[in-house]
Amino acid sequence: MKENKIQTPTLPPAFTPEDERHMRHALELALHARDAEDEVPVGAVLVLDGNVVGLGWNRNITLHDPTAHAEIMALRAAGEKLANHRITGATLYVTLEPCAMCAMALVHARIGRVVYAATDPKTGAAGSVFDTLVSDRHNHRVRVEGGLLADESSQLLRDFFRSRR
């Protein structure tokens, strides 16, 4: 006999005012990427124990570096600041769902939590397209929460790509 399982609806994450403040900072960095460097507008803020330890924005075109995504740039800055390749327990705020490359870097860095704004329907690796960041196969677990200021981030990206066409 088949059991009927009652599925409980998943509630959206409850974001704090601090979460919103850091995501707004990430959106400012995304605007900087667009305006100062003509890059795809994605920004990232890495916070550990309430302190910003790394900032990043897309720079792959500027630096001729396919790995210079906002998340990677924030991780590099934090690694230098903390003199450590592990940023255990930190929270990354990023305006676009991380790709597979960034997701694995976040796992290797032992990030505790990722908060992203807009989902990436083409390369998102936090559950949209790939389950890289949320896979239970890793030896480290990252808590993932999406949708904070998603409309603002999505509009910024849409406008950027529309202007390119």
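**View 1. E80 is found in helix 2 of this predicted model.** Welcome to the first stop on the tour. E80 is exposed, with a relative accessible area of 72%. A residue far along the chain can still be a neighbour in space, so look for G54 as well. The two residues are 26 apart along the chain, and 9.0 Å separates their C-alpha atoms.

**View 2. Helix 2 packs against helix 3.** Here you can follow residues 70-82, which form helix 2, beside residues 100-108, which form helix 3. The axes of the two helices lie 9 Å apart and meet at an angle of about 25°. Angles under 35 degrees count as roughly parallel, so helix 2 is described as roughly parallel to helix 3. The crossing of helix 2 past helix 3 is left-handed. Which residues make the contact? From helix 2 come E71, I72 and L75, while helix 3 brings M101, C102, A105 and L106. Sorted by class, this contact of helix 2 with helix 3 holds 6 nonpolar residues, 1 charged residue and no polar ones.

**View 3. An open sheet is built from 5 strands.** Step back a little for this one. Reading across the sheet, the strand order is 2-1-3-4-5, and the pairing is mixed. Which strands stand at the edges? They are strand 2 and strand 5 (143-146); each has a single partner strand, so one side of each is left without a neighbour in the sheet. From one strand to the next, the twist averages 15°. Helix 4, made of residues 150-164, packs on the sheet and touches strand 3 and strand 4 (113-118). The direction of helix 4 makes about 60° with that of strand 4.

**View 4. Strand 1 is mostly covered.** Zoom in on residues 43-48, where 6 of the 6 residues of the strand are buried. Are the faces of strand 1 covered or uncovered? Both are covered: G43, V45 and V47 are buried on one side, and A44, L46 and L48 are buried on the other. Now look at the neighbours of this strand. Strand 1 is joined by 6 bridges to strand 2 (residues 51-57), and these two run antiparallel. Strand 1 is also joined by 4 bridges to strand 3 (residues 91-96), again in an antiparallel arrangement. Individual partners help you find your way: A44 pairs with G56 in strand 2, L48 has N51 of strand 2 as its bridge partner, and L46 has L92 of strand 3.

**View 5. A hairpin links strand 1 and strand 2.** This hairpin has 2 residues between its strands. What is the phi of D49 here? D49 takes a positive phi near 50°. G50 also lies in the loop between strand 1 and strand 2. With a relative accessible area of 45%, G50 is partly exposed. Another chain segment comes into the picture here: G50 and E18 are 32 residues apart in sequence, yet their C-alpha atoms are 8.9 Å apart in space.

**View 6. Strand 3 runs parallel to strand 4.** The two strands are joined by 5 bridges. One of the pairs to look for is L96 with its bridge partner A118 in strand 4. Strand 3 has 6 of its 6 residues buried, so it is largely enclosed by the rest of the structure. As a reminder for this view, strands of a sheet pair through backbone hydrogen bonds, either parallel or antiparallel.

**View 7. H64 and A83 have positive phi values.** Most residues other than glycine have a negative phi, which gives this last pair some interest. H64 has a phi near 55°, a positive value in a residue other than glycine. You will find H64 in the loop between strand 2 and helix 2. H64 is exposed, with a relative accessible area of 72%. A83 is not a glycine either, and its positive phi is about 55°. A83 sits in the loop between helix 2 and strand 3. Is A83 buried or exposed? A83 is exposed, with a relative accessible area of 69%.

Note on methods:
Residues are numbered from 1 along each chain as its sequence is written. This is a predicted model: local features need pLDDT of at least 70, side-chain atom pairs count only at pLDDT 80 or more; totals for chains, interfaces and linings use all residues. Side-chain values use heavy atoms; hydrogens and water are left out. Axes are lines fitted to C-alpha atoms, for helices over the stretch in contact, and angles run from 0 to 180 degrees between N-to-C directions. Angles under 35 degrees count as roughly parallel, over 145 as roughly antiparallel, 65 to 115 as roughly perpendicular and the rest as oblique. A crossing is left-handed if the near helix is turned anticlockwise from the far one by less than a right angle, and right-handed if clockwise. Contact means heavy atoms within 4.5 Å. Ala, Val, Leu, Ile, Met, Phe, Trp, Tyr, Cys and Pro count as nonpolar, Asp, Glu, Lys and Arg as charged, and the others, Gly among them, as polar. Buried means under 20% relative accessible area, exposed over 50%, partly exposed in between (1.4 Å probe, protein chains only). Two strands pair if DSSP finds at least two bridges between them.
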